Amino acid sequence: MALAARLKELRIKTRKSLQDVADEIGASKAHVWDLESARAKNPSIELLTKLAKCFNVSVADLIGENPNGVDEEPQLVAMYRELKELSEDDRKAIQSMMDHFRKRES
C-alpha cells in the first residue's frame, strides 16, 4: 500500500482529523492533505518519523516496507525473502527493472 493510502487509512482508523494530525506533527492541515492525496512526494525522514509516532507504527510500516506487517500479501513477503538469497548484481538488476516500471506508471 502506498504511503498516501496508508496515511489516510491510519488517520481514519485512529479517528483523527487532518487538523489533529497536523497539530501532532507540527505541519499544516493542507500539507497532511497533500501527503494523503499523494500530491506531496518524498517527505523527509523527520516528517515520516513524526507521522509514525502520531499513528503509533514504525516508519517501515508507514511506508509499507515491513515484510512482517500484518497487511502484507504473503506472495510479496515470499518474494522479499527470496531476494535476500540473490547476489548483489541480481538485486541491482531487479531494482533497475522496478525503477523502470515506476517511471512508466508516473
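Arg 15 is exposed, with a relative accessible area of 76%. In this predicted model, Arg 15 sits in the loop that joins helix H1 (3-13) to helix H2 (18-25). Its backbone is worth a look. Arg 15 has a positive phi of about 60°, although it is not a glycine. The residue takes this angle just after H1.

Asn 56 makes a good partner for Arg 15 in this tour. Asn 56 also has a positive phi of about 60° and is not a glycine. Look for Asn 56 in the loop between helix H4 (45-55) and helix H5 (59-62). Asn 56 counts as exposed, because its relative accessibility is 71% and the cut-off for exposed is over 50%. A further positive phi comes just after H2. There Gly 26 takes a value of about 75°.

Now go back to H1 and ask which of its residues are buried. They are Leu 3, Ala 4, Arg 6, Leu 7, Leu 10 and Arg 11. Look down the axis of H1. The buried residues fall within an arc of 165°, so they line one face of the helix. Turn to the other side of H1, and you find Ile 12 and Lys 13 exposed. What covers the buried residues? The cover for H1 includes H2, H3, H4 and H5.

A general rule helps with reading such a pattern. An α-helix has 3.6 residues a turn, so residues three or four places apart point the same way.

H2 can be read in the same manner. Leu 18, Val 21, Ala 22 and Ile 25 are buried in this helix. These residues lie on the same side of H2, because they cover an arc of only 100° around the axis. Their cover includes H1, helix H3 (29-36) and H4.

Next, look inside. How many cavities of 30 Å³ or more does a search of the whole structure find? The search finds one. The largest cavity has a volume of about 30 Å³. Its lining is made by Leu 7, Val 21, Val 32, Leu 35, Glu 36, Leu 51 and Phe 55. Two of these names are familiar. Leu 7 is among the buried residues of H1, and Val 21 is among those of H2.

Which helix gives the most to this lining? H3 does, with three residues. H3 and H4 each supply at least two. Sort the lining by kind, and you get six nonpolar residues, no polar ones and one charged. The charged residue is Glu 36, since Glu counts as charged.

Glu 36 leads on to the salt bridges. A search of the whole structure finds six of them. In one, Glu 36 pairs with Arg 11, and the closest N and O atoms are 2.4 Å apart. Glu 36 lies in helix H3 and Arg 11 in helix H1, so this pair ties together parts that are 25 residues apart in sequence. Are the two partners buried or exposed? Both Glu 36 and Arg 11 are buried. Arg 11 thus belongs to the buried set of H1, while Glu 36 helps to line the largest cavity.

Helix H7 (residues 88-105) holds salt bridges within one helix. Start with Glu 88 and Lys 92. Their closest N and O atoms are 3.5 Å apart. The two residues are four apart in H7, about one turn of the helix. Glu 88 is exposed, with a relative accessible area of 55%.

Further along H7, the side chains of Arg 102 and Asp 99 meet in a salt bridge, at 3.3 Å from N to O. These two lie three residues apart, again about one turn of the helix. Arg 102 is partly exposed, with a relative accessible area of 46%. Asp 99 counts as partly exposed too, at 31% relative accessibility. Both values fall between the cut-offs of 20% for buried and 50% for exposed.

Set the pairs side by side to finish. Glu 36 and Arg 11 are buried, and they link H3 with H1. Arg 102 and Asp 99 both lie in H7, as do Glu 88 and Lys 92.

Technical notes. Residues numbered from 1 in each chain as written. Predicted model: local features only at pLDDT ≥ 70, side-chain atom pairs only at ≥ 80, totals over all residues. Heavy atoms only, no water. Buried < 20%, exposed > 50% of the residue type's maximum accessible area, 1.4 Å probe, protein only. Arc of directions from axis to C-beta. Contact = heavy atoms within 4.5 Å. 1 Å grid on protein atoms, 1.4 Å probe; cavity = no way out; pocket = protein on both sides within 12 Å on 5 of 7 lines; lining within 4 Å. Points joined across faces, edges and corners; volume = space filled by probe spheres on them. Salt bridge = Lys/Arg side-chain N within 4 Å of Asp/Glu carboxyl O.
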